[in-house]
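Take a moment with the sequence and the model before reading on. The paragraphs below walk through the fold piece by piece.

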Amino acid sequence: MNAVLVVDDDDDWRMLLSMCFEDAGFAVRSGRNVQEGIAALTAGGSDVLVSDYVLPDGNGLDLLAGGRTASLRYAALLTGMGTITPSDVKAAGFDAHYVK
């Protein structure tokens, strides 16, 4: 089964994304901040990462600052800010970003 890690400090967004992925048949883990996201990534098993950009202890780009894990096949950044560029996202190790 594919596993998705959802990182977002907004409880409603995190729950909504988690439920959508679960309904689609994915195993879902979640975190509320960079620290929890890195811990979950380090533990392994996540095929997909979906993270908010603005987090209370940093930003979503920090999640991949140490590099991608071997199992991670796709990483997407969600943001409500239009200031981040696709090149910033790609340079940080993410595959795509989406405005929410």
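What follows goes from strands to helices, then to a few single residues. Keep in mind that this is a predicted model.

Start with strand β1, residues 3–7. This strand is mostly covered: five of its five residues are buried. Ala-3, Leu-5 and Val-7 point one way from β1. Val-4 and Val-6 point the other way. Residues on both sides are buried.

β1 has strand partners. One is β2, residues 27–31. The two strands run parallel, and five bridges join them. Ala-3 stands opposite Ala-27 in β2. Further along, Val-6 stands opposite Ser-30. Another partner is β3, which also pairs with β1 in the parallel sense, over four bridges. Here Val-6 appears again, opposite Val-50 in β3. Val-6 thus has a place opposite Ser-30 in β2 and opposite Val-50 in β3.

Now follow β3 outward. β3 covers residues 48–52, and β6 covers residues 74–79. Five bridges join these two strands, which run parallel. Leu-49 has Ala-75 in β6 as its bridge partner. β6 is mostly covered, with five of its six residues buried. From β6 the pairing goes on to β7, residues 96–99. That pairing is parallel too, over four bridges. The bridge partner of Leu-77 in β7 is His-97.

How do the strands link up through helices? β1, helix α1 and β2 make a right-handed β-α-β unit. β6, α3 and β7 make a right-handed β-α-β unit as well.

Look at α1 itself, residues 11–23. This helix has 13 residues. From its first C-alpha to its last it reaches 18 Å, close to the 18 Å expected at 1.5 Å a residue. Which residues of α1 are buried? Arg-14, Leu-17 and Ser-18 are. Seen down the helix axis, the buried residues fall within an arc of 100 degrees, so they line one face of α1. A general rule helps here. An α-helix has 3.6 residues a turn, so residues three or four places apart point the same way. The buried residues of α1 pack against β1, β2, β3 and β6. On the other side of the helix, Asp-12 and Asp-23 are exposed.

Helix α2, residues 34–43, can be read in a similar manner. Val-34, Gly-37, Ala-40 and Leu-41 are buried in this helix. Viewed down the axis of α2, they fall within an arc of 130 degrees, so they line one face. What covers them includes β1, β2, β3, β4 and β5. Gln-35, Thr-42 and Ala-43 lie on the other side of α2 and are exposed.

Next, a loop residue. Leu-63 is found in the loop between β5 and β6. Is Leu-63 buried or exposed? Its relative accessible area is 5%, under the 20% cut-off, so Leu-63 counts as buried. What does it touch? Leaving aside residues up to four places away in sequence, Leu-63 touches Val-7, Val-34, Gly-37, Ile-38, Leu-41, Leu-49 and Ser-51. Several of these names have come up before. Val-7 belongs to β1, and Val-34, Gly-37 and Leu-41 are buried residues of α2. Leu-63 and Gln-35 are 28 residues apart in sequence. In space, their C-alpha atoms are 8.3 Å apart.

Another loop residue is Met-81. Its place is between β6 and α3, residues 86–91. At 35% relative accessibility, Met-81 counts as partly exposed. Met-81 touches Tyr-53 and Val-54, not counting residues up to four places away in sequence. Met-81 and Val-54 are 27 residues apart along the chain, and 8.8 Å separates their C-alpha atoms.

Finish with the aromatic rings. How many aromatic pairs does the structure hold? There is one. The rings of Phe-21 and Phe-26 have their centres 5.7 Å apart and their planes at 90 degrees, so the pair is edge-to-face. The cut-off for that label is over 60 degrees. Phe-21 is partly exposed, with a relative accessible area of 22%. Phe-26 is partly exposed too, at 25%.

Definitions and conventions:
Residues are numbered from 1 along each chain as its sequence is written. This is a predicted model: local features need pLDDT of at least 70, side-chain atom pairs count only at pLDDT 80 or more; totals for chains, interfaces and linings use all residues. Side-chain values use heavy atoms; hydrogens and water are left out. Two strands pair if DSSP finds at least two bridges between them. A crossover is right-handed if, with the strands pointing away from the viewer, the path from the first strand over the helix to the second runs clockwise. Rings of Phe, Tyr and Trp (its six-membered ring) pair if their centres lie within 6.5 Å; planes under 30 degrees apart count as stacked, over 60 as edge-to-face and the rest as tilted. Buried means under 20% relative accessible area, exposed over 50%, partly exposed in between (1.4 Å probe, protein chains only). The expected span of a helix is 1.5 Å times one less than its number of residues. The arc is that of the directions from the helix axis to the C-beta atoms. Contact means heavy atoms within 4.5 Å.
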